[in-house]
Amino acid sequence: DTGISNVHNLSWTVEFWFRVPNDSSNHPIVSSITGSGSVNGFSITSKSNGDLNASFLSGEYNVTASNEWDIDVDHRDGKWHHLIMSWDGVSGSTLYRKFDGVSYNTTTSRAGAASSDQTLKLGKYGGIATYGEMDIAEFRLYSSNLTESQMTANYNARKELYELEFG
């Protein structure tokens, strides 16, 4: 039981289906950030400019603030979308991301380790009283990084359900 701690030194995968409203607000989707000031953890956010962002934070320094961590995709359309973020912090420091079955700029982190256990929050950042406006379904957290073929298989196994019944 390692909890959500030292997220940079572990291998893990976050996978979920989501939809956000078509507006110009930031919508936190999943976060283990403790709050403002001294922050540690990771965050996946639907940004106000329409990008998706995955960030690691350690101390007061956002170690992944550059736009290379953004996925420039149109996802504010009221439809369900699938996102997988898989981190290999054991044998390397590589982030793999797939949005609706398409791989996006695999990135090697410049990050050091986050320093403390965090509570995983859906639809919220730590330290913020309100939740983002969105729907999240089939949220999965794995204690390993998934392979490319596993990510593709997971998406393909459920995409028809979300396109036909919920789209």
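Over which residues around strand 5 does pLDDT stay under 50, and how many contacts beyond four places in sequence does the model have for them? In this predicted model, the stretch is residues 60–67, for which there are 20 contacts beyond four places in sequence. Strand 5 (residues 61–62) is also where confidence is lowest in the protein, at a mean of 47. A second stretch, residues 110–116, likewise keeps a pLDDT under 50, and for these residues the model has 27 contacts beyond four places in sequence. Where pLDDT is low, the predicted coordinates should not be read in detail.

For the protein as a whole, the mean pLDDT is 74, with 65% of residues reaching 70 or more. Confidence is highest in strand 11 (residues 135–142), at 90.

Two residues deserve a look at the backbone. Most residues other than glycine have a negative phi. D100, although not a glycine, has a positive phi of about 50°. This aspartate sits in the loop between strand 8 (94–99) and strand 9 (102–108). D100 counts as partly exposed because its relative accessibility is 21%, and the cut-off for buried is under 20%.

E138 is the other residue to inspect, again not a glycine and again with a positive phi of about 50°. Its setting is a strand, namely strand 11, the element in which confidence is highest. With a relative accessibility of 25%, E138 is therefore classed as partly exposed.

Methods
Residues are numbered from 1 along each chain as its sequence is written. This is a predicted model: local features need pLDDT of at least 70, side-chain atom pairs count only at pLDDT 80 or more; totals for chains, interfaces and linings use all residues. Side-chain values use heavy atoms; hydrogens and water are left out. pLDDT is the predictor's confidence in each residue, from 0 to 100. Helices (H or I, at least four residues) and strands (E, at least two) are DSSP runs, numbered from the N terminus. Contact means heavy atoms within 4.5 Å. Buried means under 20% relative accessible area, exposed over 50%, partly exposed in between (1.4 Å probe, protein chains only).
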